[in-house]
Each structure stands twice: as C-alpha cells, then as structure tokens.
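Please take a moment to look over the sequence and the model shown here. The paragraphs after it are meant to be read with the structure open alongside.

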Amino acid sequence: MTTTAIFGAGVMGETLVSGLIRSGRRAGDLVVTGRTPDKVRTLAEHYGVRGLANAEAADTADTLVLCVKPQDMAALLEEIHDHVVPGNAVVSLAAGITTEYLESRLPEGTSVIRVMPNTPALVDQGMAGISPGRHCTDDHLAEAEALLSSCGKVVRLAEKHLDAVTAISGSGPAYIFYVVEAMIEAGVVLGLPRATATELVVQTLYGAATMLRETHEHPTVLREQVSSPGGTTVAALRQLDDHKVRAAFVTAIEAAAARSKQLASGQV
Ligand SMILES: NC(=O)c1ccc[n+]([C@@H]2O[C@H](COP(=O)([O-])OP(=O)(O)OC[C@H]3O[C@@H](n4cnc5c(N)ncnc54)[C@H](OP(=O)(O)O)[C@@H]3O)[C@@H](O)[C@H]2O)c1
C-alpha cells in the first residue's frame, strides 16, 4: 500500500482523511500537514494518522494531495519542490490552479492531477472532476480517482472542461440551496411554520434527487409525471417559464464558468 500525504488540514483536507479511513485505508498509510501545529496535532490524534511538516511529509509519501487555498499554493510548492521525486503523484484540489502552473513549479516530468471537488464530499456525496497533467500516468490517475471516490463520485475529463465542472458541480450546491431557500420562503408566505416548510422542501429535494439517480429517467419524463393537465404543477411551471427561470440558470452557469476561467488565468 502506498503512503498518501494530505497537505493543508482544513475543510477539504479533513474530509479526505475521514473519507479515506472510512473507505478502508489504513491510518498508518496517511500523513497530514498544516500551517497551524495545533490543528495538525488535533487532526492526527483524532484519526490516528501521522502529522508531519511539509518537507518530511513529501519525503514520506508517494501521493501528495494539496488541499491549501489557491493563494497559498505557490509557497507550498516552493517548500516541497526539492522533496518531490520521480514516481510521486501530485494531486491538487485548489480551484483555478492549472496543471501547467503546478508542473512549472515542480521538478520537470512530475505527474500532476487537478481536481475540482464540491462540498457534498463532507457527507460522502461529493462530485469531483479530475484532469491529468502532461506527465500523468494511468496508474496515478487511477490512484487520484480512488482517493476522491472515498467521498463521492468522480469523472475524468480533459482540463479544458474544468471551468464547466466548476460552474456546474463545484458551485452547484449553492444554486440548489438558493432554490431551497426560495421554496421554504414560499411555504412561510403560505402560512406554514418555518420548520415544517423546511422539512417538506428538504425531503422533497432528497426524494427528487433519489428518483433521478435510481430511475435513470430523463428529468422531463419525471416532471411530466407530476404535471396533470390543468393542474397545480403546470400553473407553477407556467410562472417559472414566464419569469425565464430556465434561461436564468443557463446564463448564471455560463457566468460562473467565465469567472472560473478568469480566476485560472490569474485575473482577480
Ligand atoms: N471547501 C470547498 O467547498 C471547496 C470546493 C472546491 C475546491 N476547494 C479547494 O480546496 C482547497 C482547500 O479548501 P478548504 O475549504 O479546505 O480551505 P481551508 O479550510 O482554509 O483549508 C486550507 C488549509 O491549508 C492550510 N495551509 C495553508 N498554507 C499551508 C502550507 N503552506 N502548508 C500546509 N498547510 C497550509 C491552512 O492552514 P491554516 O488553517 O493554519 O491557515 C488550512 O488549514 C482550496 O484550494 C479550494 O479551492 C474547496
């Protein structure tokens, strides 16, 4: 079994450690690092993994998973540069940090993989897109896929598609939460207690998502099943169409992808 080091013991770092242990990785094969020693110690003790300094972790690990914020990436790469050897895989979860950026700051020929994860990984329902760099081997890509599979689903795609992945699944949970907020508000307007409205909406969302996943039916088919002619659902959907909600979603997601592209090219 190979050793995996998670650099950056924050939200994503801990999510991965916890997912990997629950999916059967031995704690002894995992290492964590961080900037604040207390945080690293707490995490290491909680999961029974080793807490090390960045350089030592890079020396120990075969797979290096970089979970720091994009603005902290340059400093981290400088710290580990001399400790990355041929045969290592470097996996980055940082939004907008390209494989070209990573490759140019690591020894020539390093195998790198860029990942776009999302927050439902916290509850093992993540959706991650992964893209190989120029020197990435099939084994390394498979290892990155296995790592991310510990907390959700993974799709492999070319890096040119990662702006779209960022816009759809990366930012996607926020769009869904926004719709949920609106539906709860509507329930309150109609006189329901807020807690009841919340329970109705959350379970409806969960049920609808489960139907999509388990029936494999097209969403249009599922929608038509609840749209009786002249009934309540079509009255509501007519309003959504009149307010161009579908077009607004497409435009919003296009804007997120454009912003992702800007950020990846270094524009603030
Ligand atoms: N959270 C998300 O939903 C999400 C979604 C998609 C992508 N991502 C990506 O995942 C990455 C991590 O995000 P996050 O939400 O987990 O951030 P976070 O909670 O702030 O965690 C980042 C961690 O990195 C540590 N750190 C900073 N510089 C370091 C260094 N040189 N060496 C070791 N550790 C260092 C920080 O330490 P301190 O606490 O001491 O500052 C912090 O604990 C980001 O690049 C983000 O773009 C996150």
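What follows moves from the overall architecture to the ligand site, then to two regions of the interior and its edge, and finally to three loops.

The model is a predicted one, and it is best approached through its general outline. Its chain has twelve helices and eight strands, and the C-alpha atoms, taken along the principal axes, fill a box of roughly 70 × 35 × 35 Å. Of the 268 residues in the chain, 37% are buried. Among contacts with a separation of 6 or more, 62% are made by residues 24 or more positions apart. The area exposed by the chain is about 15,300 Å², and 59% of that area is supplied by carbon and sulfur atoms.

The ligand gives a convenient point of entry into the details. The space it takes is the second largest pocket, and 24 residues surround it, of which Met 12, Arg 35, Thr 36, Lys 39 and Val 68 come nearest. Two helices can be picked out in this shell, since helix 1 (11-22) and helix 4 (73-80) each supply at least two of its residues. Several side chains also place polar atoms close to oxygen atoms of the ligand: for Lys 39 the distance is 2.2 Å, for Thr 36 it is 2.3 Å, and for Lys 69 it is 3.5 Å. On its own the ligand has 890 Å² of accessible area, and the protein covers 84% of it.

From the ligand site the reader may turn to Val 49 and Arg 50, two residues with differing surroundings. Val 49 is found in the loop between helix 2 (37-47) and strand 3 (50-51), while the place of Arg 50 is in strand 3 itself. Is Val 49 buried or exposed? With a relative accessible area of 8%, Val 49 falls under the 20% limit and therefore counts as buried. Leaving aside neighbours within four places in sequence, the contacts of Val 49 are with Val 17, Ile 21, Ala 27, Leu 30, Val 32, Leu 43 and Ala 44. One of these partners, Leu 30, is 19 residues from Val 49 along the chain, yet the C-alpha atoms of the two are separated by 5.6 Å.

Arg 50, by contrast, is partly exposed, because its relative accessible area is 36%. With neighbours within four places in sequence again left aside, Arg 50 is in contact with Thr 3, Gly 28, Leu 30, Val 31, Val 32, Ala 44 and Thr 60. The contact with Gly 28 has a polar component, in that a polar atom of the Arg 50 side chain lies 3.2 Å from the backbone oxygen of Gly 28. A sense of scale comes from pairing Arg 50 with His 161, which is 111 residues away in sequence and 35 Å away in space, C-alpha to C-alpha.

Ser 131, in strand 7 (residues 126-132), offers a view of the interior. Its relative accessibility is 0%, so Ser 131 counts as buried. Where does the side chain of this buried serine reach at 2.8 Å? The side chain of Ser 131 reaches the backbone oxygen of Leu 157 at that distance. Beyond its neighbours within four places in sequence, Ser 131 is in contact with Thr 99, Val 112, Ile 113, Arg 114, Leu 157, Ala 158, Glu 159 and Leu 162.

Three loop residues complete the tour. Lys 160 lies in the loop between strand 8 (152-156) and helix 7 (162-170), and it is exposed, because its relative accessible area is 66%. Lys 160 and Asp 62 are 98 residues apart in sequence and, C-alpha to C-alpha, 27 Å apart in space.

The other two loop residues are of interest for their backbone geometry. His 216, although not a glycine, has a positive phi of about 60°, and it lies in the loop between helix 9 (194-215) and helix 10 (219-225). Its relative accessibility of 68% is why His 216 counts as exposed. Lys 244 is likewise not a glycine and has a positive phi, here of about 55°. Its place is the loop between helix 11 (232-242) and helix 12 (245-264), and with a relative accessible area of 58%, Lys 244 is exposed.

Note on methods
Residues are numbered from 1 along each chain as its sequence is written. This is a predicted model: local features need pLDDT of at least 70, side-chain atom pairs count only at pLDDT 80 or more; totals for chains, interfaces and linings use all residues. Side-chain values use heavy atoms; hydrogens and water are left out. Helices (H or I, at least four residues) and strands (E, at least two) are DSSP runs, numbered from the N terminus. Buried means under 20% relative accessible area, exposed over 50%, partly exposed in between (1.4 Å probe, protein chains only). A polar contact is a pair of N or O atoms within 3.5 Å; within protein, one must be able to donate a hydrogen and the other to accept it, and residues adjacent in sequence count only if both atoms are side-chain atoms. Contact means heavy atoms within 4.5 Å. A residue is near a molecule or strand if one of its heavy atoms lies within 4 Å of it. Accessible areas come from the Shrake-Rupley method with a 1.4 Å probe; for residues, only the protein chains shown count as cover. On a 1 Å grid over the protein atoms alone, a cavity is a set of points where a 1.4 Å probe fits but cannot get out, and a pocket is an open set with protein on both sides within 12 Å along at least five of seven lines; lining residues have an atom within 4 Å of a point. A molecule sits in a cavity or pocket if more than half of its atoms lie within 2 Å of its grid points.
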